[in-house]
Amino acid sequence: MGLFKKNPFGHNLFIKKWLIRILAVITHKRYRGFNTIEIEGSDIIRKLPPQNVLFVSNHQTYFADVVAMFHVFNASLSGREDSIKNLGYIWQPKLNMYYVAAAETMKKSLLTKILAYAGSISVERTWRSEGQDVNRKVKFSDISNIGTALNDGWVITFPQGTTTPWKPLRKGTSHIIKKYRPVVVPVVIDGFRRSFDKKGLRIKKKGILQSMVIKEPLDIDYENESFDSIIEKLEYAIEQHPSFLKVIPKSELMAYEEENKKRKFRV
């Protein structure tokens with residue numbers, strides 16, 4: 001790889017590689033040290049094509065979720081079996097890996113700008129801006145950028161667009177799936193909300209068992225399946241369909257609500 005080679009978004013790959021390495025060293029103990037992450041599905045990662053893969057996941061923090069995925073996916077590609085033991089896997093990271101994030105979030109500080117350079121596809125949220133409800137049209141350039149990233153490699157997206165559990169999925173995800181026809185891989189995470197603050201930057205509690213389950217790619221009829229059908233399929237796959245509320249203990253639901261109230265007061 002040349003010193004001046006760039007990805008389709010104009011980011012220097014040499015700089016990006018070193019940013020990922022440094023961030024990985026800084027964050028590794030957050031998942032294997034202060035806390036422990038339990039992983040399922042490393043073998044699925046290794047069977048995926050190098051491009052046009054869309055990972056769809058539930059969302060618990062702004063950054064800790066996606067950083068964990070960078071660790072797990074790179075460890076899996078280097079041959080680790082459901083483990084991020086031995087950080088050597090990050091020496092040759094997958095550089096064509098991206099994640100979808102709100103543009104306003106990625107512009108807030110030097111740290112978020114560094115995280116953005118490491119792989120974000122910044123999009124403008126159509127329903128929320130600066131803490132206020134809005135109703136904006138989807139920017140076609142945002143959709144195009146996701147398509148560019150899929151053409152180049154892998155993309156991670158959190159279609160609920162919020163860290164609050166069991167919220168409806170944004171239909172834009174189904175439009176992206178129909179348009180670009182990627183391999184769609186569901187990911188289900190847990191424990192990050194208890195481990196970290198809402199942004200996923202500060203360790204809130206140690207000794208938490210985190211989990212990440214990577215599931216087999218979904219069977220999608222890109223030509224004939226409706227947008228609503230795809231959304232419903234995604235909701236079940238990432239375990240965020242409303243029907244899951246019927247089997248979750250009331251005490252757990254109340255705990256989530258209390259935690260969300262505390263976050264509102266902190267804002």
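The legends below describe several close-up views of a predicted model.

**View 1. Phe70 and Tyr99 form an aromatic pair.** A search of the whole structure finds 10 aromatic pairs. In the pair of Phe70 and Tyr99, the ring centres are 6.2 Å apart and the planes stand at 85°, so the pair is edge-to-face. The angle decides the label here, because planes over 60 degrees apart count as edge-to-face. The pair links distant parts of the chain: Phe70 belongs to helix H3 (residues 64-77) and Tyr99 to strand E3 (residues 97-102), with the two positions 29 residues apart in sequence numbering. Both Phe70 and Tyr99 are buried.

**View 2. Phe73 and Trp154 form an edge-to-face pair.** The distance is 6.3 Å from centre to centre, and the angle between the planes is 80°. Distant parts of the chain are linked by this pair, with Phe73 in helix H3 and Trp154 in strand E7 (residues 154-157), 81 residues apart. Are these two residues buried or exposed? Phe73 has a relative accessible area of 0% and is buried. Trp154, at 1% relative accessibility, also counts as buried. Both values qualify because buried means under 20% relative accessible area.

**View 3. Tyr31, Phe192 and Phe196 form an aromatic cluster.** The three residues belong to one cluster. For any one pair of aromatic rings, the description rests on the distance of the centres and the angle of the planes.

**View 4. Two charged side chains lie over aromatic rings.** Arg21 lies over the face of Trp18, at 4.6 Å from the ring centre. Lys178 lies over the face of Phe227, and here the distance from the ring centre is 5.5 Å.

**View 5. The second largest pocket is lined by 20 residues.** Its volume is about 350 Å³. Which residues of the lining lie nearest the centre of the pocket? They are Leu23, Thr27, Phe63, Val67 and Leu115. Helix H1 (13-27), helix H3 and helix H5 (110-117) each supply at least two residues of the lining. By type, the lining of the second largest pocket divides into 16 nonpolar residues, three polar and one charged.

**View 6. Side chains alternate along strand E1 (residues 36-40).** Ile37 and Ile39 point to one face and are buried. Thr36, Glu38 and Glu40 point to the other face and are not buried. Strand E1 pairs with strand E9 (residues 209-214) in the parallel sense, over five bridges. Opposite Ile39 in E1 stands Met212 in E9.

**View 7. Strand E8 (residues 183-190) is largely enclosed by the rest of the structure.** This follows because six of its eight residues are buried. How many bridges pair strand E2 (residues 53-57) with E8? There are five bridges, and the two strands run in the parallel sense. Val53 stands opposite Val183 in E8. Strand E8 is also joined to E9, by four bridges, and these two strands run antiparallel. The bridge partner of Val187 in E9 is Ile214.

**View 8. Gln160 is a buried residue in a loop.** The loop runs between strand E7 and helix H7 (172-180). Gln160 has a relative accessible area of 2%, so it is buried. Gln160 and His59 are 101 residues apart in sequence, while their C-alpha atoms are 7.3 Å apart in space.

**View 9. Asp82 and Glu239 have positive phi values.** Most residues other than glycine have a negative phi. Asp82 is not a glycine, yet its phi is positive, at about 55°. Where does Asp82 lie? Asp82 lies in the loop between helix H3 and strand E3. Its relative accessible area is 29%, so Asp82 is partly exposed. Glu239, also a residue other than glycine, has a positive phi near 60°. Glu239 is found in the loop between helix H9 (227-237) and helix H10 (250-266). At 32% relative accessibility, Glu239 counts as partly exposed. The label fits both residues because partly exposed covers the range between buried, under 20%, and exposed, over 50%.

Notes:
Residues numbered from 1 in each chain as written. Predicted model: local features only at pLDDT ≥ 70, side-chain atom pairs only at ≥ 80, totals over all residues. Heavy atoms only, no water. Phe/Tyr/Trp six-rings, centres within 6.5 Å; stacked < 30°, edge-to-face > 60°. Buried < 20%, exposed > 50% of the residue type's maximum accessible area, 1.4 Å probe, protein only. Lys NZ or Arg CZ within 6 Å of the ring centre and 35° of its normal. 1 Å grid on protein atoms, 1.4 Å probe; cavity = no way out; pocket = protein on both sides within 12 Å on 5 of 7 lines; lining within 4 Å. Points joined across faces, edges and corners; volume = space filled by probe spheres on them. Nonpolar A, V, L, I, M, F, W, Y, C, P; charged D, E, K, R; others polar. Pairing = 2+ DSSP bridges.
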